[in-house]
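Please look over the sequence and the model below before reading on. The paragraphs that follow go through a pocket, some charged pairs and a stretch of surface in turn.

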Amino acid sequence: MRAKILAQRDGLGVGWVPRHRVASLLERGELVEKATETPREPNLLYLAWRGGHEGRALQWWLDALRQPKMALALMRGIDAFG
């Protein structure tokens with residue numbers, strides 16, 4: 001996602017990116033937001049892992065994902081340009 005955002009910022013392409021990931025670029029005028037004719041549908045997020053390899057690391061991730069704050073942070077990502 002970061003490479004896509006940087007390419008768009010540098011004028012090398014166009015496309016949809018999450019607004020919250022580019023808020024600072026929009027505020028500084030480094031990226032321009034354009035309206036689309038048809039709104040974009042929400043993306044579905046799927047998580048999967050190989051069965052039969054359950055260990056402490058997987059259990060740690062599953063426990064972390066059950067915490068609403070952690071799950072939301074992972075799904076949203078961050079504005080790494082601010």
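The lining of the largest pocket is made up of 15 nonpolar, eight polar and seven charged residues, and it should be kept in mind from the outset that the model is a predicted one. The volume of this pocket comes to about 1000 Å³. Of the 30 residues that line the pocket, Trp16, Val17, Pro18, Arg19 and Arg40 are those nearest its centre. Helix 4 makes the greatest contribution to the lining, and does so with three residues; this helix covers residues 68-76.

Arg19, one of the residues nearest the centre of the largest pocket, also leads to the charged pairs, since its side chain meets that of Glu33 in a salt bridge with an N to O distance of 2.4 Å. The pair links distant parts of the chain, with Arg19 in the loop between helix 1 (2-9) and helix 2 (23-28) and Glu33 in the loop between helix 2 and helix 3 (56-65), the two being 14 residues apart. How exposed are the two partners of this bridge, Arg19 and Glu33? Arg19 has a relative accessibility of 53% and counts as exposed because the cut-off for that class is over 50%, whereas Glu33, with a relative accessible area of 46%, is partly exposed.

The count of salt bridges in the model is four, and two others among them can be described here. In one, the side chains of Arg9 and Asp10 meet at 3.1 Å, taken from N to O. Arg9 is partly exposed at 31% relative accessibility, and Asp10 falls into the partly exposed class with a relative accessible area of 48%. In the other, Glu30 is paired with Arg28, and the closest N and O atoms lie 2.6 Å apart. Here Glu30 counts as partly exposed at 32% relative accessibility, while Arg28 is partly exposed with a value of 45%.

Glu30 also serves as a reference point for a glycine in another part of the chain. Gly11 belongs to the loop between helix 1 and helix 2, and at 60% relative accessibility Gly11 counts as exposed. Although Gly11 and Glu30 are 19 residues apart in sequence, their C-alpha atoms are 9.9 Å apart in space.

The last feature to consider is a surface patch. Which residues make the nonpolar surface patch of about 560 Å²? The patch is made by Leu45, Leu47, Trp49, Leu72 and Met75, and two of these residues can be placed in the fold. Leu47 sits in the loop between helix 2 and helix 3, whereas Met75 lies in helix 4, the helix that gives the most to the lining of the largest pocket. Leu47 is exposed, with a relative accessible area of 55%, and Met75 is likewise exposed, with a value of 52%. Both can take part in the patch because patch residues need over 30% relative accessible area, a cut-off that Leu47 passes at 55% and Met75 at 52%. For a sense of distance from this loop to a later part of the chain, the C-alpha atom of Leu47 is separated by 23 Å from that of Ala80, which is 33 residues away along the chain.

Conventions:
Residues are numbered from 1 along each chain as its sequence is written. This is a predicted model: local features need pLDDT of at least 70, side-chain atom pairs count only at pLDDT 80 or more; totals for chains, interfaces and linings use all residues. Side-chain values use heavy atoms; hydrogens and water are left out. Patches are made of residues with over 30% relative accessible area and no salt bridge: like charges are joined within 9 Å, nonpolar side chains (Val, Leu, Ile, Met, Phe, Trp, Tyr) within 5 Å. Accessible areas come from the Shrake-Rupley method with a 1.4 Å probe; for residues, only the protein chains shown count as cover. Helices (H or I, at least four residues) and strands (E, at least two) are DSSP runs, numbered from the N terminus. Buried means under 20% relative accessible area, exposed over 50%, partly exposed in between (1.4 Å probe, protein chains only). On a 1 Å grid over the protein atoms alone, a cavity is a set of points where a 1.4 Å probe fits but cannot get out, and a pocket is an open set with protein on both sides within 12 Å along at least five of seven lines; lining residues have an atom within 4 Å of a point. Grid points are joined across faces, edges and corners, and a volume is the space filled by probe spheres set on the points. Ala, Val, Leu, Ile, Met, Phe, Trp, Tyr, Cys and Pro count as nonpolar, Asp, Glu, Lys and Arg as charged, and the others, Gly among them, as polar.
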